[in-house]
Amino acid sequence: MMNKLEEDDRMLEKELVRLNRMYRSRVLQNFLDTAYYGQRGECSGLSSCSQHPLNSYNFIIRASTSVKRLLVNLNEEKEDENKYIIIAIKEKISKTGIFKDITDKDFLGALKAVCLIIHTYDLDVERVRRGE
């Protein structure tokens, strides 16, 4: 399931990058910088990322809350092009297998799991994020 979510997430990322090249949206660029580029760990390829708990958590948070917030932010910005960006994003999400079905409940479950792992093994979160 996580491999499929990763595939969906990467498909959506490609679409967001394409839309940002086309429309040069400040909101969309900020989202890409924070939700994707700022959270990317050292992954050698598809499915290697989803094997790490924090990367899986990032996939789930993007699917459950971050992309929804992006749509709200685009709508609030009131730029004419944003309506086309919003339509394209919703269209791409509707074509995903798992991404569209992730809920806030999934996010809370993932958050609890990451907290449990960190607490149980007394892990340094920054080292875990880097994959050490």
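The following paragraphs describe a predicted model of a helical protein, from its overall make-up to individual residues.

The protein contains 6 helices and 0 strands, and its elements run α-α-α-α-α-α from the N terminus on. Of its 132 residues, 39% count as buried. Among the contacts with a separation of 6 or more, 72% are accounted for by residues 24 or more positions apart.

Helix H1, residues 2-23, offers a starting point, with H2 and H4 as its partners. The axes of H1 and H2, the latter formed by residues 26-37, come within 10 Å and cross at roughly 150°. An angle over 145 degrees counts as roughly antiparallel, and H1 and H2 are therefore roughly antiparallel to each other. The crossing in which H1 passes H2 is left-handed. On the H1 side, the contact is made by Asp9, Leu12, Glu13, Leu16, Val17, Leu19 and Asn20, which meet Leu28, Gln29, Phe31, Leu32, Tyr36 and Tyr37 of H2. By class, the residues of this contact of H1 with H2 comprise 9 nonpolar, 2 polar and 2 charged.

The packing of H1 against H4, residues 82-94, has an angle of about 165°, and the two axes are 10 Å apart. H1 and H4 are therefore also a roughly antiparallel pair, but their crossing is right-handed. Here Met11, Leu12, Glu15, Leu16, Leu19 and Tyr23 of H1 meet Tyr84, Ile85, Ala88, Ile89, Lys92 and Ile93 of H4. The contact of H1 with H4 divides into 10 nonpolar residues, no polar residues and 2 charged residues. Leu12, Leu16 and Leu19 of H1 take part in the contact with H2 and also in the contact with H4.

Is aspartate 9, a charged residue of H1, buried or exposed? Its relative accessible area is 2%, and the residue is therefore classed as buried, the cut-off being under 20%. Leaving out residues up to four places away in sequence, aspartate 9 touches Tyr36, Phe59, Arg62 and Phe99. Of these, Tyr36 belongs to the H2 side of the contact between H1 and H2.

The loop between H1 and H2 holds arginine 24. Its phi is near 50°, a positive value in a residue other than glycine. Most residues other than glycine have a negative phi. Arginine 24 has a relative accessibility of 65% and therefore counts as exposed. A second residue with this feature is lysine 78, which is not a glycine yet has a positive phi of about 60°. Lysine 78 is placed in the loop between H3, residues 53-77, and H4. With a relative accessible area of 63%, lysine 78 is exposed.

On either side of lysine 78 in the sequence are two buried residues, leucine 74 and asparagine 82. Leucine 74 is found in H3, and its relative accessibility is 0%. What does leucine 74 contact, once its neighbours within four places in sequence are left aside? The partners are Ser25, Val27, Leu28, Asn82, Ile85, Ile86 and Ile89. Among them, Val27 and Leu28 fall within the residue range of H2, whereas Asn82, Ile85, Ile86 and Ile89 fall within that of H4. Leu28 is also one of the H2 residues that meet H1, and Ile85 and Ile89 are among the H4 residues that meet H1. Leucine 74 and arginine 26 are separated by 48 residues in sequence, but their C-alpha atoms are 9.2 Å apart in space.

Asparagine 82 lies in H4 and has a relative accessibility of 3%. A polar atom of its side chain lies 2.8 Å from the backbone oxygen of leucine 74. Apart from residues up to four places away in sequence, asparagine 82 touches Ser25, Leu74 and Glu77. Ser25 is thus a partner of asparagine 82 and of leucine 74.

The loop between H4 and H5, residues 104-120, contains threonine 103. Threonine 103 is partly exposed, its relative accessible area being 35%. A polar atom of its side chain lies 3.2 Å from the backbone nitrogen of lysine 105. Threonine 103 and isoleucine 61 are 42 residues apart in sequence, while their C-alpha atoms lie 9.1 Å apart.

Key: Residues are numbered from 1 along each chain as its sequence is written. This is a predicted model: local features need pLDDT of at least 70, side-chain atom pairs count only at pLDDT 80 or more; totals for chains, interfaces and linings use all residues. Side-chain values use heavy atoms; hydrogens and water are left out. Axes are lines fitted to C-alpha atoms, for helices over the stretch in contact, and angles run from 0 to 180 degrees between N-to-C directions. Helices (H or I, at least four residues) and strands (E, at least two) are DSSP runs, numbered from the N terminus. Angles under 35 degrees count as roughly parallel, over 145 as roughly antiparallel, 65 to 115 as roughly perpendicular and the rest as oblique. A crossing is left-handed if the near helix is turned anticlockwise from the far one by less than a right angle, and right-handed if clockwise. Contact means heavy atoms within 4.5 Å. Ala, Val, Leu, Ile, Met, Phe, Trp, Tyr, Cys and Pro count as nonpolar, Asp, Glu, Lys and Arg as charged, and the others, Gly among them, as polar. Buried means under 20% relative accessible area, exposed over 50%, partly exposed in between (1.4 Å probe, protein chains only). A polar contact is a pair of N or O atoms within 3.5 Å; within protein, one must be able to donate a hydrogen and the other to accept it, and residues adjacent in sequence count only if both atoms are side-chain atoms.
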